[in-house]
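Work through the exercises below with the coordinates open. Each task is followed by a stepwise solution.

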Amino acid sequence: MSNGNMNLTLKVWRQKNAQTAGKFVTYKAEGISPDMSFLEMLDVVNESLVHKGEDPIYFDHDCREGICGMCSLYINGHPHGPKRAITTCQLHMRSFHDGQTITIEPWRAAPFPVIKDLAVDRSAFDRIQQAGGYVSVNTGGVPDANEIAIPKVIADEAFNSATCIGCGACVAACKNASAMLFVSAKVSQLGMLPQGQPERYRRVQSMVAQMDEEGFGSCTNTGACEAECPKEIKLTNISRMNNDYFSAKLFRQEELHEQSHGE
Amino acid sequence: MSEFKQTFNSSLGKKLIMALTGLFLCTFLIVHLGGNLLLFKHDDGYAFNVYANFLTHFPPIEVIAYILYLCIIVHAIYALVLTIANRKARPVGYAVTASDNASWQSKNMGLLGSILLLFIVIHMSDFWYRYKYTDSVHFKEYRTDLSSGERQSIEFAPASADFENSVQTVNNFEIVRVKDLHDRVQTSFKQWWYVLFYVIAMVAVSFHLKHGFQSAFRTLGWVHRKYTPIVEFIGTWLFAVIIPLGFAAMPVVYYFTRS
């Protein structure tokens, strides 16, 4: 093609809602610029669908600059597409070639029911966060620099964990649909810093209990989550979470947090 | 729900049980391989048969053996329970899945474990069960001349049905009468399909432990810049290479060299 634009075949999962069964529908995406983002490509396809009077493809998106965690899309077997460490909105069409067939699926996990087409309901993550992913006391005004000494390695590690945007790619990538990378990132981010210490053990127990309640699978340490995470959250977070959890449950009686169902 | 039940019914609690039973089974493999290397001695099975007799008649070993059987069963049952829960967490599968984001063995631990369970059932029914609960393993008598060290072996048919073993010294001859498990091993390892099955099972051990050993440490939360490389080294070289090779060598060597 003279202008370098691409023609693609899309196999898109279409599903009316969580109650009805979905199926793949094939669309042609023509005249796609390699400089478009993946979401812009879908915008172009949707525009033509709207012109034809058809129902546009429903997908989640918000900031389109890789920080909000809204865009999802399981593209050709990879959450957020074939490139590492980026979200779908940061994926450009130059990562594909002219004439390629692209299969687009929603995140598939029982705790993430499909809302419509490619958008899933990720409020299970919100409920896990609400179960303990916070610091209860007000931290007050801005303290003097270095009033609370935090070693740089600890600050760095906590910050790396805090970069999790909660997009759910870890669940999507995991063969067990386990949410442990997400939960462990949240547990680590707070548990490593002084402000999060008082609730460290209570937090891990509450969040794990909520994670199980939501019906996520369990971790088999395949490392697929780490490989697919757009923010490169490390698998070692899961070990840290396990360590805190077993400490609380087995060795620190004073930290034991008894959960009763329906609490 | 009691605190105990809550802990071990949680996803992390079940993984803890998988890790602990798995690691116990790993340590057993070291002992099992060490003992069975006696098969490579050219002594008409004397050392091996005496060793087998010791294992089955020394009470502390008996106790550990039953803990071991329990670990195998618990490891398998929890694997099944976790697998069912994991499948339920993804009722609709993907049309396309990538294969380059995790190792093959880490994604196929269930398949590998199933091969191993089948192997353990066949292996134990052929040796452990026959040895302990049937008369199909015959007795052998080893006569060692204590002055020259020369040893002769002959078939021995005990007079009473509940005879188990005996060691006596008569006229400067040590007479050891034990069940001849070595003969059973020799007969089994002369069948090509049996040898092939053993080799396949040991390949499964290799892949299962390549992932499993280090994964158990991760589950326990024992990850450290200092010792995780050591854990991975041991998991790879000892558990995925040396141990499976050592075990696989037994049927192969017996098939090709022993009469």
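Three exercises on this predicted model follow.

**Exercise 1.** Determine how α5(A) and α8(A) are oriented to each other, and list the residues that meet.

*Solution.*
- Step 1. Locate the helices: α5 spans residues 180-191 of chain A, and α8 spans residues 236-251 of chain A.
- Step 2. Take the geometry. The helices pack at an angle of about 70 degrees, with their axes 8 Å apart.
- Step 3. Classify. Angles of 65 to 115 degrees count as roughly perpendicular. α5(A) and α8(A) are therefore roughly perpendicular to each other.
- Step 4. Assign the hand: the crossing of α5(A) and α8(A) is left-handed.
- Step 5. List the contact. From α5(A) come A:M180, A:L181, A:V183, A:S184, A:A185, A:V187, A:S188 and A:G191. They meet A:N237, A:I238, A:R240, A:M241 and A:D244 of α8(A).
- Step 6. Sort the residues of this contact by class: 7 nonpolar, 4 polar and 2 charged.

**Exercise 2.** Describe how the two domains of chain A meet.

*Solution.*
- Step 1. Set the bounds. The domain assignment gives domain 1 as 6-115 and domain 2 as 123-255.
- Step 2. Place the C-alpha centres: they lie 29 Å apart.
- Step 3. Count contacts. Domain 1 contributes 18 residues, and domain 2 contributes 16.
- Step 4. Classify the domain 1 side: 11 nonpolar, 6 polar and 1 charged.

**Exercise 3.** Which helix of chain B gives the largest share of the side that touches chain A?

*Solution.*
- Step 1. Count the contact: 33 residues from chain B and 40 residues from chain A.
- Step 2. List helices of chain B that each supply at least two residues: α1 (3-9), α2 (11-36), α4 (59-88), α5 (104-107) and α8 (192-220).
- Step 3. Pick the largest share: α2(B), with 5 residues.
- Step 4. Classify the chain B side: 15 nonpolar, 11 polar and 7 charged.

Technical notes:
Residues are numbered from 1 along each chain as its sequence is written. Chains are lettered from A and ligands numbered from 1 in the order in which they are written. This is a predicted model: local features need pLDDT of at least 70, side-chain atom pairs count only at pLDDT 80 or more; totals for chains, interfaces and linings use all residues. Axes are lines fitted to C-alpha atoms, for helices over the stretch in contact, and angles run from 0 to 180 degrees between N-to-C directions. Helices (H or I, at least four residues) and strands (E, at least two) are DSSP runs, numbered from the N terminus. Angles under 35 degrees count as roughly parallel, over 145 as roughly antiparallel, 65 to 115 as roughly perpendicular and the rest as oblique. A crossing is left-handed if the near helix is turned anticlockwise from the far one by less than a right angle, and right-handed if clockwise. Two residues are in contact if their C-beta atoms, placed from the backbone, lie within 7 Å. Ala, Val, Leu, Ile, Met, Phe, Trp, Tyr, Cys and Pro count as nonpolar, Asp, Glu, Lys and Arg as charged, and the others, Gly among them, as polar. Domain bounds come from an automatic or database domain assignment.
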